[in-house]
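Me: I have a structure open here and would love a close look at just one part of it. Could you pick a strand and walk me through its surroundings?

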Amino acid sequence: IITIVGPANETQDVDGDELVFEYNVNDTHSDIVNCSLGINGTINDTNYSVVEDISQYFNLSGLIDGNYTWNIKVINRSESIHFSPYLPPFMIRYQMA
């Protein structure tokens with residue numbers, strides 16, 4: 001089971017700081033091997049030290065202006081692959097000084 005905690009739907013980043021992607025996972029049938037953050041359909045980062053049933057985080061910065069979709073991909077020891085659904089987009093909009 002993949003539970004998405006944040007960022008909130010349609011979050012906008014206007015200052016260029018890191019966005020924090022928070023999720024929680026558990027698998028009652030097999031241990032989790034890794035979880036990956038997908039941005040616009042491409043794996044951006046992978047966590048190989050997953051602890052089930054507590055919040056896990058990916059931090060992301062350096063994106064250019066635009067709308068982005070994201071999801072979490074989970075692989076367990078039995079090599080089953082699970083995906084969270086693609087979530088509502090987040091937006092990067094830098095303010096001009």
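Reply: Happy to; here is a tour of one strand and its partners. A word on the basis: this is a predicted model, where local features need pLDDT of at least 70, side-chain atom pairs count only at pLDDT 80 or more, and totals for chains, interfaces and linings use all residues. Residues are numbered from 1 along each chain as its sequence is written, and side-chain values use heavy atoms, leaving out hydrogens and water.

Let's take strand S3, residues 19-25. Strands here are DSSP runs (E, at least two residues), numbered from the N terminus, and two of them pair if DSSP finds at least two bridges between them. S3 belongs to an open sheet of three strands, ordered S1-S3-S6 with antiparallel pairing. S1 and S6 are the edge strands, each pairing on one side only. On average, neighbouring strands of this sheet are turned by 25° against each other, direction ignored; the axes are lines fitted to C-alpha atoms.

With S1 (residues 2-6), S3 pairs antiparallel over four bridges, and there isoleucine 4 faces tyrosine 23 of S3 as its opposite number. Tyrosine 23 also stands opposite glutamine 56 in S6. Five bridges join S3 to S6 (residues 56-60), again antiparallel, and leucine 19 has leucine 60 as its bridge partner in S6.

Finally, six of the seven residues of S3 are buried, so the strand is largely enclosed by the rest of the structure. Buried means under 20% relative accessible area (1.4 Å probe, protein chains only).

Conventions:
Buried < 20%, exposed > 50% of the residue type's maximum accessible area, 1.4 Å probe, protein only. Axes fitted to C-alpha atoms, helices over the stretch in contact; angles between N-to-C directions.
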